[in-house]
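Colleague: I am new to reading protein structures, and I would like to go through this one slowly with you. Could we look at it together, one question at a time?

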Amino acid sequence: MKCPECKSTHINKNGQKKGKQNYLCVTCGRQFIDCYPPHRGYAQEVKDECVKMYVNGMAFREIERVKGVHHTTIMNWVKQL
Ligand SMILES: [Zn+2]
């Protein structure tokens, strides 16, 4: 567990917020919540929708505009199929 601000490991528990553990960095005073969403990319639904749009004839850049997913990401998904 590290402070997202100063990377200090000097962290105190600071109660719960909406069922999640809240922490307080002793070094810089920043409060933060336990679980940062791990960077795993996009949800399966988003991926499926984008691929479906491509299959339905939409261009990568159009999908990018609609879904907010970078077109190279969509290209990689399509290639994986
Ligand atoms: Zn800190």
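Colleague: Which residues make up the largest nonpolar core?

Modeller: Please keep in mind from the start that this is a predicted model. Two elements, helix 1 (44-55) and helix 3 (71-80), each give two or more residues to the core in question. The largest nonpolar core has 8 residues, and these are Cys50, Val51, Met53, Ile63, Val69, Ile74, Trp77 and Val78.

Colleague: Leaving aside its neighbours within four places in sequence, with which residues is Trp77 in contact?

Modeller: Trp77 belongs to the core of 8 residues, and with a relative accessible area of 9% this residue falls under the 20% limit, so Trp77 counts as buried. Once the neighbours within four places in sequence are left aside, the contacts of Trp77 are Tyr42, Val46, Lys47, Cys50, Val51 and Val69.

Colleague: How many degrees lie between the planes of the aromatic pair that Tyr42 and Trp77 form?

Modeller: Tyr42 sits in the loop between strand 3 and helix 1 while Trp77 sits in helix 3, so that the pair links parts of the chain 35 residues apart. Tyr42 is partly exposed, with a relative accessible area of 42%, whereas Trp77 is buried at 9%. The two rings lie 5.6 Å apart, centre to centre, in an edge-to-face arrangement, and the angle between their planes is 90°.

Colleague: Is the aromatic pair of Tyr23 and Phe32 stacked or edge-to-face?

Modeller: The model has 3 aromatic pairs by the rule used here, and in this one both partners, Tyr23 and Phe32, are buried. The ring centres are 5.9 Å apart and the planes differ by 25°. Planes under 30 degrees apart fall into one class and those over 60 into another, so for Tyr23 and Phe32 the answer is stacked.

Colleague: Which protein donors hold the zinc ion?

Modeller: The donor residues follow the spacing C-x2-C-x18-C-x2-C in sequence, and every donor atom is an SG lying 2.2 to 2.3 Å from the zinc ion. The protein donors are therefore Cys3, Cys6, Cys25 and Cys28.

Colleague: Why is the arrangement around the zinc ion called tetrahedral?

Modeller: Four donors count as tetrahedral if all angles lie between 85 and 135 degrees. Around this zinc ion the 4 donor atoms fit that rule, because the angles they subtend are 107 to 116°.

Colleague: How many residues apart in sequence are the parts that Cys3 and Cys28 tie together?

Modeller: Cys3 and Cys28 are both donors of the zinc ion, although Cys3 is buried at 1% relative accessible area and Cys28 is partly exposed at 38%. Cys3 lies in the segment before strand 1 (11-17), and Cys28 lies in the loop between strand 2 (20-25) and strand 3 (31-33), so the parts that this pair ties together are apart in sequence by 25 residues.

Colleague: Which residue in strand 2 does Ile11 stand opposite?

Modeller: Strand 1 and strand 2 pair in the antiparallel sense over 5 bridges, and one bridge joins Lys13 to Tyr23 in strand 2. Strand 2 is also joined to strand 3, again in the antiparallel sense, by 3 bridges. As for Ile11, the residue standing opposite in strand 2 is Cys25.

Colleague: What is the phi of Lys7, and is this residue buried or exposed?

Modeller: Most residues other than glycine have a negative phi. Lys7, found in the segment before strand 1, has a positive phi near 65°. With a relative accessible area of 55%, which is over the 50% limit, Lys7 is exposed.

Colleague: Which residue in the turn between strand 2 and strand 3 has a positive phi?

Modeller: Strand 2 and strand 3 form a hairpin with 5 residues between them. The phi in question is about 85°, and the residue is Gly29.

Terms used: Residues are numbered from 1 along each chain as its sequence is written. This is a predicted model: local features need pLDDT of at least 70, side-chain atom pairs count only at pLDDT 80 or more; totals for chains, interfaces and linings use all residues. Side-chain values use heavy atoms; hydrogens and water are left out. Donors are N, O and S atoms within 2.8 Å of the metal (3.2 Å for Na, K and Ca); water is not among the atoms, so sites may look incomplete. Four donors count as tetrahedral if all angles lie between 85 and 135 degrees; four count as square planar and six as octahedral if opposite donors are over 155 degrees apart and all others between 65 and 115; anything else is irregular. Helices (H or I, at least four residues) and strands (E, at least two) are DSSP runs, numbered from the N terminus. Buried means under 20% relative accessible area, exposed over 50%, partly exposed in between (1.4 Å probe, protein chains only). A nonpolar core is a set of buried Ala, Val, Leu, Ile, Met, Phe, Trp, Tyr and Cys residues joined through side-chain atoms within 4.5 Å. Contact means heavy atoms within 4.5 Å. Two strands pair if DSSP finds at least two bridges between them. Rings of Phe, Tyr and Trp (its six-membered ring) pair if their centres lie within 6.5 Å; planes under 30 degrees apart count as stacked, over 60 as edge-to-face and the rest as tilted.
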